[in-house]
Amino acid sequence: IRILNFIGDKERYEMEERPDAQKQILTEIAKKLPIFTRAQSGAVRFCDRCQVIKPDRCHHCSVCETCVLKMDHHCPWVNNCVGFSNYKFFLLFLSYSMIYCVFIASTVFQYFLKFWVVNLPNGPAKFHVLFLLFVALMFFVSLMFLFGYHCWLVAKNRSTLEAFSAPVFQNGPDRNGFNVGLSRNLRQVFGEDKKLWFIPVFTSQGDGHYFPLRTLRESENPLLANEGKWMEDGGSDEESAGEIAFKLKYIFKYCN
């Protein structure tokens, strides 16, 4: 019945031509979902291209031409969007690359010293050693700043997009809206098992459709408890967090 209600809401939205009426329909649907962020205008965030209500922290990528959960940025180096499903892997990629640059620089440095201190004869190998050393050092410095910036984002529980444009909640913009403390922020990205933090396996918490909020009490958080505010209009039973997640997943996938 609940699924049919959402299908009916979608059909009602598509048949409605008045912008104000469409906005009201989206608002009614959003009341049934764990969606806390809004557009700058205060309206429910809706993607006209994908025809979906955007979950919190979800954004449309114009390059990939799809909405990406907890989108951080589109990375041309990996030719993909960095978001909820691969953010941990992106951080590990940066850290592994830094380690590799250090390994290259350290193994080449002894030959660099020999060419300049021992006065070995000039040859093609000298250029190769110099090139390899300086490229490794330049990449290491660049990766170090990028990795440090993303470590700061993880500690604050922000994405790159949220760092530049604060997410808007019902009480206004708040850059720290999803910041629930350093320990919980780290666990959201890397998972509960610390032994798996540095291994490239998916361990991030949640499903990317909703996230704990700093301003909500635990009893109001759909990740931690049931709440009457998510009851259907006219209903009497409280919906579980799993049911809410199922609804949001269905809308996100069905509309695509």
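Is asparagine 179 buried or exposed? Asparagine 179 counts as buried, because its relative accessibility is 16% and the cut-off for buried is under 20%. Keep in mind that you're looking at a predicted model. Here's a quick tour, starting with the whole protein and then working through helix 4 and back to that asparagine.

**The whole protein**
- There are 7 helices and 8 strands to find your way around.
- The protein has 256 residues, and 45% of them count as buried.
- Take the contacts between residues at least 6 apart in sequence: 51% of these join residues at least 24 apart.
- The accessible surface adds up to about 14700 Å², with 61% of that belonging to carbon and sulfur atoms.

**The annotated spans**
- An unreviewed UniProt entry carries the annotation "transmembrane region" for residues 89–113 and 125–149.
- In the model, residues 89–113 are 100% helix and 0% strand, with 36 Å between the end C-alpha atoms.
- Residues 125–149 also come out as 100% helix and 0% strand, and their end C-alpha atoms are 36 Å apart.

**Helix 4**
- Helix 4 runs over residues 124–156, which makes 33 residues.
- From first C-alpha to last, helix 4 reaches 48 Å, close to the 48 Å expected at 1.5 Å a residue.
- Several of its residues are buried, among them Lys126, Leu133, His150 and Val154.
- The cover over the buried residues of helix 4 includes helix 3 (87–117), strand 5 (73–75), helix 5 (160–164) and helix 6 (182–190).
- Right after helix 4 comes asparagine 157, which has a positive phi, near 55°.

**Asparagine 179 up close**
- You'll find asparagine 179 in the loop between strand 8 (172–173) and helix 6.
- Which residues does asparagine 179 touch, leaving aside its neighbours within four places in sequence? They are Ala155, Lys156, Asn157, Asn185 and Arg214.
- Two of those names tie back to the helix above: Lys156 is in contact with asparagine 179, and helix 4 covers residues 124–156. Asn157, also on the contact list, is the residue with positive phi that follows helix 4.
- Valine 154, one of the buried residues of helix 4, sits 25 residues from asparagine 179 in sequence, and their C-alpha atoms are 9.3 Å apart in space.
- Within its own loop region, a polar atom of the asparagine 179 side chain lies 3.1 Å from the backbone nitrogen of glycine 181.

Conventions
Residues numbered from 1 in each chain as written. Predicted model: local features only at pLDDT ≥ 70, side-chain atom pairs only at ≥ 80, totals over all residues. Heavy atoms only, no water. UniProt positions renumbered as here; feature names shortened; annotations may be inferred. Helix = DSSP H or I, 4+ residues; strand = E, 2+ residues; numbered from the N terminus. Expected span 1.5 Å × (residues − 1). Buried < 20%, exposed > 50% of the residue type's maximum accessible area, 1.4 Å probe, protein only. Contact = heavy atoms within 4.5 Å. Polar contact = N/O pair within 3.5 Å; in protein donor to acceptor, adjacent residues only side chain to side chain. Areas by Shrake-Rupley, 256 points an atom, 1.4 Å probe, with all protein chains shown as cover.
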